[in-house]
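Hi everyone, thanks for coming along. I'd like to walk you through one structure today, starting with the whole chain and then stopping at a few places in it. Let's bring it up.

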Amino acid sequence: MPDIRGTASILLAGLLAGWCCIAPVHARPAELPTIEAVEADVGAGRHAEALEGYRLLLDQAQGSEALQIAVRLAEIANVTGQPHLALEALGPRLTEAAMAAPELFDAGQELLVEAASMTGRQDMAISAARRLVAFRRDTWGEDAPALQAGRLTLSGLLDQQGRHDEARALRDEAFAVLAKGDPELYLRMLNNTAIVLQDGGALDEAAQVFARLIAALEEDGASLSLGITHFNAAILDRDRRRHDAAIDHHRRAIEILEAVAGPASAHTIAAIGGLGQTYAFAGRPASAMPLLRDALERARRALGDSDDTMLQANNLAAVLRTLGRFAEAEPLDREAYGWREANLGPAHPATLTSRKNLALDLVGLDRPDEAKAHYDAITATLEGTRGLDHPLTRDMRLERDMIAALSGTAPAEGFDLDAISDRAEPSGDNVLLANRLAGIAGRRGDERTELALNRLSLRLADAWHGPYHPTTLAMLTNLARSESALDTEESLATYVELERRLRIWSRREFASTSDTATLEQVATTTRENIGDIMRYSFHALRDKPQVMQLVGRVLVEWKAPGSLERALLDGVRDRLPPEDLALLERVRALRAESLSHPDAADADLAMAEARLAERIGGLARLEGEGQRSYEAILAGLAEGEAVLDFLSVPLRSANGKVEERIFAMMAWHGGDAMLADLGLAADFEALIPPDGKLMAEAARRKLHDMTVGRFGARVAKVGRLFVVPDGVTHLIPFDGLLDGQGRPLIETRDVRILRNARAIPPADREQVAQPGPMLLVGAVDYGPDGMSALPASGPEVEAIAARMTAAGYEPEILRGTDAGEAEVRATSGGRRILHFATHGFFRPVAAGETAPLWRAGIALAGAGNGDGARQRADDGILYAAEVASWDLSGVDLVVLSACDTAQGDRSYVEGLNGLPSALAIAGARRSLLARWPVGDRGAAIFMDRFYAHLAATGSYDEAMRHTKLDAIEGRLDVEDDTWLAFALIAN
């Protein structure tokens, strides 16, 4: 029956028993080893000693005894990756006379075919296979299973030479005979044939055979063989770059194998790891990483130190290497190499693979001397076992020569960069090495050679990985940098293409997982690329004014991309087919379930999220959903309106240090725009109190000069300023910044805060608040051991309810013990406004909890009665993580009249990761939050006045501005720290 495949032999039969048993050799000299001693070496894994022993015996043996020893020697040589020894042993002994021992001759001829193929001697292999077919026909007859196996072996070799018609005829002939005989044998031959065809590169032919095998197996229902075959078919489709089909086969394999073999079986573990590996091949690390880690953890627990476990370590390391995380990959590859060398031998193909992977890690860690030592050893092994002209040997010599350039050692004879460019074939290793060579050229100041090698790296990556793979994106970034340094005509087009590919890839990744660490890794990686784009744009703007279109695209597409992906899916949901819509709802339900039962929901969630990424987060779908461009946003501005849009990006300096910098674009009605590099984010952070307190007047003046003031006199003509913060600028109270005359910015112009410029309404569509249902929560009973009571919160919600009832709203109040989590959740649906007057919090990173959405929240009834277990849905704390799973897409305004609710961790995924991001993810159109602690009485007074203005104006933004002006001008009895604390944020 089929096996989870590693590397399939070219031989298909294995039908004849007994040929590997060696009879004693008589009359040997006393110094020769015994058969029993040599076989003991084989059993102990001492293959080199065993091969030497059999060579000594072979020199002394005659006739059939010599053939017996030659066959056994060849078997060990092929298995240990030394086929040249098999050719030496069998070639002189497979004579006409040897046919007198048909079983031995047959076994030897099979091994000769295999050895010839392994050493790249395809003509020899085909000739030997034809001889094998003729021998079996003459010896065992036309219907013999062994003859059909020989025909299939020959067909695989012919396919490798492109002689597909002859190969197909042989296969059809063999399968027609086998289908009439033993069903088990027929299935096994289908499986082996498909794998051999795949290993030989005849992928379409292999797919046809796998389809025939799956159809035959499915007649008997779910079985171990069917699960394994789906796995093998998945590997085939992955090799064909048909990743969607491969993923379907993987999922079916996992489903069957978990049911039939159990979750801890080697087959199931291999299938899970295989799915992760396919996601990695497809450029989907966010989907790949959880599966690969799961497979490795299962293998360590269930299989211990074994080759299956080392395979999973290799697979995980490969994805880490793709992401540039060489320091994490290196110990995994070193472990796999060490185990395989000790247990499989230094010449085994798996050992050589692990050793090469380790060398690539060392290249990435800038340790080329160590890497070259490994490449030298691998090349020497291949030259000795496969021969000088074998394709694997030639490829390894080319990579060794590239490593020689990296290490600065004398290259091999005939080495030059032009030759490498001409000879380099698409492969993941050649991409990495060409990229490192480009780095060497850059360090030597040879910019033209660096440019040529970066173009080579991109060409190889596009061909091998595809356009949206992380490695390809890294190569495109390097090319863009080279073109920028030389100011080529293509530079702008290259950066435009880089942004487009990054956007498509990152949206797909954000759609495919809810794992915070993975999302942040993806966002950090892409934000460094975006930093390059912004730096290029800033310097190119004078000569290439059209670069502002690229800047605008970056600003609208790279603010809180996690929330943007959610909004994008919400925008297309009415047009989704039923299958996709059901999948979207399933993912959201599982995300909500995972908050309460993480262990139970994680596996299902990972699979559903990955499926959603394929179905909805696909490349063309997200590109074509008609999002407003920055040009369209600016065209919608009215006279006197402007937008000030920030972007925080990490940039690498000439000395290699990465520092966060702030860029800002101000654009006016009519389309004019200016781009400024505002400097280091650390300079802004130095002016913001770390303890969440009122910012000093001197700091507010300085921040005005560092932001708004940078754009000169033209700001004076702006009556309404839309501000889109990012990074540390989220913590700046822009409406309270002081101009040169000491006036708050909001006193001289209407300042509005948005998470993205797309939240700016067109000039002719000013958003009006529509009366409707409201939910007000206040006077909460936190329990006897809970937080302190807020006496002003009860009158606050009662006054708001009375005022808004008169304005046509329909308020409902929850207070006391009725203001619990379950009650709030049950009554919040269908409300236009949700208002909470309670305690809020955002805690700094503490031991045991790093996730920001579990460190932010508000207190509800019973908050002091819980046991601290956040998984409980009724613990009295409404965490941001729980809010994020709600559907607030119909809510116009969420008010959190509570301390620190506008706080959060700065995040490339969500902007400010805490309650602000949770409410945006949940779909609330706008949020009214507090930047720092506010007093109970002051908050109540401020909120009562806000709702009074809302009832009078019908505008959330006008109500906010009028309330703050009342405070500034002394018409509202609150301190500066209250009106400055509150921010209305359009999501």
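So, the overall picture: the chain has 41 helices and 16 strands. Please keep in mind that this is a predicted model. Of its 987 residues, 57% count as buried. The accessible surface comes to about 38,500 Å², and carbon and sulfur atoms account for 50% of that. Now to the contacts: taking those with a separation of 6 or more, 68% are between residues 24 or more positions apart.

Let's go to our first stop, helix H26, which covers residues 547-557. How many of its 11 residues are buried? The count is 9, so this helix is largely enclosed by the rest of the structure. The buried ones are Val547, Met548, Leu550, Val551, Gly552, Val554, Leu555, Val556 and Glu557.

Let me pick out Val556 from that helix. Val556 has a relative accessible area of 1%, so it is buried. Follow the chain to Ala759, 203 residues away in sequence, and the C-alpha atoms of Val556 and Ala759 turn out to be 10.0 Å apart in space.

You may have spotted a charged residue among the buried ones, Glu557. What does Glu557 pair with? The partner is Arg553, in a salt bridge whose closest N and O atoms are 3.1 Å apart. Both residues belong to H26 and sit 4 residues apart, about one turn of the helix. As a reminder, an α-helix has 3.6 residues a turn, so residues three or four places apart point the same way. The two ends of this pair have different burial classes: Glu557 is buried because its relative accessibility is 6%, whereas Arg553, with a relative accessible area of 35%, is partly exposed.

While we're on salt bridges, the structure holds 63 of them. Here is another one within a helix: Glu330 pairs with Arg334, with 2.6 Å between the closest N and O atoms. These two are 4 residues apart in helix H16, residues 326-344, so about one helical turn separates them. Is Glu330 buried or exposed? Its relative accessible area is 13%, which puts Glu330 in the buried class. Arg334 is partly exposed, because its relative accessibility is 35%.

Now for a pair that reaches between helices. Asp532 forms a salt bridge with Arg481, and the closest N and O atoms are 2.5 Å apart. This one links distant parts of the chain, with Asp532 in helix H25 (residues 516-540) and Arg481 in helix H23 (residues 470-486), 51 residues apart. Asp532 counts as buried at 7% relative accessibility, and Arg481 counts as partly exposed at 41%.

Next, a lysine in helix H40, which spans residues 956-968: Lys964. What is its relative accessibility? The value is 0%, so Lys964 counts as buried. And what surrounds Lys964, once we leave aside its neighbours within four places in sequence? The contacts are Asp735, Ile746, Arg931, Phe942, Trp979, Leu980 and Phe982. So as you turn the model, try showing Lys964 together with those seven side chains; the list includes an aspartate, Asp735, and an arginine, Arg931.

For the last stop, let's move to helix H9, residues 183-199. Ala194 is in this helix, and Ala194 counts as buried because its relative accessibility is 0%. Which residues does Ala194 touch, not counting those up to four places away in sequence? They are Ala206, Val209 and Phe210. Gln208 is 14 residues from Ala194 in sequence, with 8.2 Å from C-alpha to C-alpha.

Glu184 is found in H9 too, but its setting is another matter: a relative accessible area of 40% makes Glu184 partly exposed. On the surface, Glu184 gathers with Asp182, Glu219 and Asp220 in a patch of negative charge.

That's the tour. To recap two of the stops: H26 is a helix largely enclosed by the rest of the structure, and H9 holds both the buried Ala194 and the partly exposed Glu184. Thanks for listening, and I'm happy to go back to any of these views.

How values were computed. Residues numbered from 1 in each chain as written. Predicted model: local features only at pLDDT ≥ 70, side-chain atom pairs only at ≥ 80, totals over all residues. Heavy atoms only, no water. Patch = residues over 30% accessible without salt bridge, like charges linked within 9 Å, V, L, I, M, F, W, Y side chains within 5 Å. Areas by Shrake-Rupley, 256 points an atom, 1.4 Å probe, with all protein chains shown as cover. Salt bridge = Lys/Arg side-chain N within 4 Å of Asp/Glu carboxyl O. Lys, Arg positive; Asp, Glu negative; His and termini not counted. Charge placed at Lys NZ, Arg CZ, Asp CG, Glu CD. Buried < 20%, exposed > 50% of the residue type's maximum accessible area, 1.4 Å probe, protein only. Contact = heavy atoms within 4.5 Å.
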